Amino acid sequence: NLASQAAYVLRDFFFLCPARQALDSMSMQNISVYMYQFNLNLSNWIDYDLLGNYHSSELSFVFDNEFPPILHEFNEKEKRMADTFTLYWSNMARYGDPNHNLGPDQRNWPPFEPTRRYWASMDVPIAIGTQLEKAKCDFWQNRYTKYYFD
């Protein structure tokens with residue numbers, strides 16, 4: 001539908017593609033950076049049907065916090081997602097790398113680099129991909145460069 005298409009355009013232009021550009025720039029300076037997209041289906045959350053996975057919807061999992069109560073109660077899969085975020089983020093803080101003491105739901109998450117552009121699909125289980133939405137981001141970067149990091 002039209003609203004979904006508009007939401008994807010806004011997501012790509014304002015969040016996804018500028019993030020890719022920033023990660024390209026940082027990784028070319030030999031800074032280890034990691035890209036992810038939150039893809040967990042939250043169908044038991046009251047607001048999911050209306051909003052889907054919106055910017056910051058993963059924060060409940062990052063902080064292992066079912067806020068607000070009643071609206072966001074973790075089911076078993078969501079508890080596993082919170083465990084994954086806790087492990088990856090704790091490893092980043094402790095080691096500068098998310099890949100320590102991985103369990104069955106986690107995968108080795110390679111750092112982002114400009115030729116492969118690795119990214120993690122934050123779901124249960126985690127999936128690792130390359131070139132997230134490449135055609136869309138190439139479109140925005142090639143046509144609207146002045147809005148990016150020139």
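**Exercise 1.** Which residue in E3 is the bridge partner of Tyr118? Use this predicted model to place that bridge within the pairing of strands E2 and E3.

*Solution.*
Step 1. Strand E2 covers residues 118-122, and strand E3 covers residues 127-130.
Step 2. The partner of Tyr118 in E3 is Thr130.
Step 3. A further bridge joins Ala120 to Ile128 of E3.
Step 4. The pairing of E2 with E3 is antiparallel and extends over 4 bridges.
Step 5. The two strands make up a hairpin, with 4 residues lying between E2 and E3.

**Exercise 2.** Determine in what order the strands of the sheet are arranged, and which are the edge strands.

*Solution.*
Step 1. The sheet is open and consists of 3 strands, ordered E1-E2-E3.
Step 2. Its pairing is mixed.
Step 3. Strand E1 (36-38) and E3 are the edge strands, since each of them pairs on one side only.
Step 4. On average, neighbouring strands of this sheet are turned by 30° against each other, direction ignored.
Step 5. As a general rule, strands of a sheet pair through backbone hydrogen bonds, in either a parallel or an antiparallel manner.

**Exercise 3.** Locate Phe15 and explain why Phe15 is classed as partly exposed.

*Solution.*
Step 1. Phe15 belongs to helix H1, which comprises residues 2-28.
Step 2. The relative accessible area of Phe15 is 42%.
Step 3. Buried means under 20% and exposed means over 50%, with partly exposed in between; Phe15, at 42%, is therefore partly exposed.
Step 4. Together with Leu10 and Phe14, Phe15 makes a nonpolar surface patch of about 320 Å².

Notes: Residues numbered from 1 in each chain as written. Predicted model: local features only at pLDDT ≥ 70, side-chain atom pairs only at ≥ 80, totals over all residues. Heavy atoms only, no water. Patch = residues over 30% accessible without salt bridge, like charges linked within 9 Å, V, L, I, M, F, W, Y side chains within 5 Å. Areas by Shrake-Rupley, 256 points an atom, 1.4 Å probe, with all protein chains shown as cover. Salt bridge = Lys/Arg side-chain N within 4 Å of Asp/Glu carboxyl O. Buried < 20%, exposed > 50% of the residue type's maximum accessible area, 1.4 Å probe, protein only. Pairing = 2+ DSSP bridges. Axes fitted to C-alpha atoms, helices over the stretch in contact; angles between N-to-C directions.
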